[in-house]
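Trainee: I would like to look closely at a single part of this model, and then see how that part sits among the rest. Could you take me through it slowly, one residue or element at a time?

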Amino acid sequence: MDWWDVLLVVVRVVGVFALLMVVTVLLVWIERKLVADMQNRLGPMRAGPHGVLQTVADGLKLFFKEQITPAKSEFLIYMLAPALSVITAFLMFLVVPFARPFDITLGGEVRSFTFQAMDLNISVLYVLAISSIAVYAVVLAGWSSGSKYPLLGGVRATAQAISYEAAMGLSLVALIMFIAVQNRGGDVMSMASIVDFQAGTYGATDGFLSFLNPIITHIPKWFILPQVIPFVIFATAGVAETNRAPFDLVEAEQELVAGFHTEYSGMRFAMFFLAEYINMFTMSALMVTLFFGGWGGPFLDTIALNVGPWLATVVSFGYFMAKVFVFLFLFIWIRASFPRLRYDQLMDLGWKRLIPGALLWLIASSLALAIRQFGLPWT
Amino acid sequence: MMGIIGDLLKGMGVTGRQMIATIFGDGMITTEYPKEFREKPDRFHGRHVLNRYEDGMEKCIGCELCAGACPARCIYVRGKENPADAPVSPGERFGFVYEINMLRCIFCALCVEACPTEAITMTHLFEMSTTNREDAIYTKTELLINEDGSANHMFPDDRLANLSELLQADGWMRATAPQGRVEYEGIPGWTPSAGVGLRPPEVGQSGDAAARDFTLPDDATSPEVQPDEEE
C-alpha cells in the first residue's frame, strides 16, 4: 500500500461520484421525457435542446432556494436525514463494477485499475446492509419534520422496508448459493468475481440436445437463465426499495402531500431527489451485475488482445450502461403505467407472494443443487 | 398468477403504444404553446372586439342592450350624442364609454346576440393575463378595432417596445396599466405624469369615511341592489 494506491482509490471514488451525478442529471431528464411521451405530451423543451439542461436549471434553482425549518422539527436530525439518504445512495454504488479493469504501470509496479470504488468480499451483504440504512433516512426525515404527513410517510417506510428487504435478501440467498456451488472456492459475494463468473457462453452439450449446439454456444452464462424467479423478486423488491411508483406509498402525493419530504425545501429536498435517482441507478446496476453479466459482453477479449485493453474498457462500459439503461427504462415505464398499490395490497404482495415465493425457490433450488452435487438420496 | 402478469403486460402495452405513437407517429396532443399557436375552432369564444363599418364609423350606438343581456353584468356602456360636425357612429348616439370586465365575463356571447348593429363580436384572441385586476377591465381603447380592421391588444405592440416611455419616472406603470394612458376614459388614473392627479392616501376599514374621496348621499342606494325592471 503506497501512495499510488491511495491516489487510485481517490480517483475511483471521484470517478464514481462524477458518474453518478452525470447519470442523475440525465436520468431525471430522460424520465421526464419518457413519461411525457407515454402521456402524449412534450415534456421539458426549453432549457437546452429538447430540454436536456432542465435538470441543471432545476438544480440551480433549488440551490438558491430558502431552506425552511418547521418550528416543531428536531433540527439536528431534520438536517442530517437528507445527508444520510445521499450518503447511503453513494455508498451503495461503490461496490458495483462498471467497466473492464485494465493494467497500468505506476511507480514501477503493474497495478490493476478496476472501475469499482472498492471490491468487498461481502459486497452482496454490504449492499443489503446499506439499503437497510437508507430506509432510516426516510424514517428519520418523516419523524423529525414534526408534521403529520411526513410522519405517516415515515411510518409507511418502516413497514415497507421490512416486508421488501426480507424478500430481497432471500432471493439473493438463492442466487449466492447457486454461485457458490458453481464456483467452489471463489469469492462468491464479491461483485467483481460475480461478473467474472458470468463471462463466456455455455459450452457445447453432447446429449440429445446437441443439435441445438449452434444456439447454446452463443448463450451467455448470465445468472438470469437459471435464476429467473430470484431476479423477478429482486426487481420487484428493488422498485419497492427505491420508493418508486407503484410502490411509492412513502411519498404518495395524493394522500400525503409529498410524504416524508413534505417539509423539506431547497437543497435538502434536492438531496432526497438526488438520492432517489442514484438509488434507481444503483438498483438497475445491481440487477445487471448480479443477473445480466455486469459489464461483460461479446468480443471484449478479442478487442483487448487485438486493439488494446483501453478500448475493451470503453466498450465494456458501453455494455454496462446499455444494460443498465434497459432497466432504468423499465423503471420509468412501470412508473408511467401502473397506479399506486393500496397499503394492504403492498403488504400482501410482500408477505404473501414475494417472501413465500423466495422461500420456495430457495428450498427447490437447494434441493436441485444438492441432487446434482451428491446424486439422489436413494442411489 | 399468469392473469396478473398478463394484466401488467397489458397495462405496459398501453403506455408503450402511446410512447411509440408520440415519438414516431402523430400521437402528440400538446404543442409548444407560446412558440406554436394552435388553430382555434371557428366559433371559439375569445375576447370581444367593437367593430367598425367599412368607412371607419363605429358600429356601436350606445344602446346598452349588451349590458342588459350580460348574465355576468360585466359590461358597462355609456352613450353620448353624436357630435353633429364629426359623428362617430351612423346613429344618433355612440358608445362613449365601453368597458368589459374580463374577470367577470363568462364568454357566453349573449352580448353578441343582443347587439342590434353587430357592433360587438367575439374573436379568437385569448391571451388576457394581467398582473393587476384593474388591467383586466378592457376599455374602448382596447376593444375597438383599428381603422385597418386589426384588433387592438391590451398592450399595443410590445409593452416594452417604447423604451423612451419606460425611461420616464413612472414609465413602467404607464406601460403596464391602461389607466396610466392619457386616452383612458374610465376610472381617473393616478399617475402624475399623465396629468390626472395623485392617488388619495388609502384609509383602512376603520378609517374616517370623510377622509375618502367620495361620500354617498343619504338617499342613494347602490345601483346593484335595485331589482331588474324587466323581470
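Mentor: B:Asn51 is buried, with a relative accessible area of 14%, and since the model is a predicted one, that value, like the others below, is computed from predicted coordinates. The residue lies in the loop that runs between strand S1 (48-50) and helix H2 (65-69) of chain B. Its side chain is joined to the side chain of B:Thr121 by a polar contact of 2.9 Å. Setting aside residues up to four places away in sequence, B:Asn51 touches B:Glu58 and B:Lys59, then B:Glu118, B:Ala119, B:Ile120 and B:Thr121, and also B:Leu144 and B:Ile145.

From the loop one can step back into strand S1 of chain B, where B:His48 is found. B:His48 counts as buried because its relative accessibility is 2%, and the cut-off for that word is under 20%. Apart from its neighbours within four places in sequence, B:His48 is in contact with B:Ile100, B:Met102, B:Cys105, B:Cys111, B:Ile120, B:Thr121, B:Met122 and B:Leu143. B:Ile120 and B:Thr121 are thus among the contacts of B:His48 and among those of B:Asn51.

B:Ile100, one of the residues that B:His48 contacts, leads on to the sheet, as strand S3 of chain B covers residues 93-101. In chain B, three strands form an open sheet in the order S2-S3-S5, with antiparallel pairing. Strand S2 (75-81) and strand S5 (137-138) of chain B stand at its edges, and because each has a single partner strand, one side of each is left without a neighbour in the sheet. Between S2(B) and S3(B), which run antiparallel, there are seven bridges, and B:Val77 stands opposite B:Tyr98 in S3(B). In a regular strand, side chains alternate between the two faces of the sheet.

The cysteines of chain B deserve the same care, for a search of the whole structure finds zero disulfides over all chains. In the case of B:Cys60, the closest cysteine sulfur is that of B:Cys66, and at 6.4 Å it is too far for a bond, because a disulfide requires the two sulfur atoms to be within 2.5 Å. B:Cys108 is likewise in no disulfide, the nearest cysteine sulfur, in B:Cys70, being 6.1 Å away. As to surroundings, B:Cys60 counts as buried at 10% relative accessibility, whereas B:Cys108 is partly exposed, with a relative accessible area of 31%.

Beyond chain B itself there is the interface with chain A, where 17 residues of chain B are in contact with 15 residues of chain A. The two chains bury about 1500 Å² between them, and 67% of this area is on carbon and sulfur atoms. The count of salt bridges between chain B and chain A is one, and in it the side chains of B:Glu32 and A:Arg46 meet at 3.6 Å, N to O. Nine residue pairs are found in polar contact across this interface, with both residues at pLDDT 80 or more.

In chain A, strand S1 (residues 102-106) and strand S2 (residues 109-113) pair in the antiparallel sense over five bridges. A:Leu106 has A:Glu109 in S2(A) as its bridge partner, and the hairpin has two residues between the strands, of which A:Gly107 takes a positive phi near 60 degrees.

Definitions and conventions:
Residues numbered from 1 in each chain as written. Chains lettered and ligands numbered in written order. Predicted model: local features only at pLDDT ≥ 70, side-chain atom pairs only at ≥ 80, totals over all residues. Heavy atoms only, no water. Pairing = 2+ DSSP bridges. Helix = DSSP H or I, 4+ residues; strand = E, 2+ residues; numbered from the N terminus. Buried < 20%, exposed > 50% of the residue type's maximum accessible area, 1.4 Å probe, protein only. Contact = heavy atoms within 4.5 Å. Buried area = accessible area lost by both parts, 1.4 Å probe. Salt bridge = Lys/Arg side-chain N within 4 Å of Asp/Glu carboxyl O. Polar contact = N/O pair within 3.5 Å; in protein donor to acceptor, adjacent residues only side chain to side chain.
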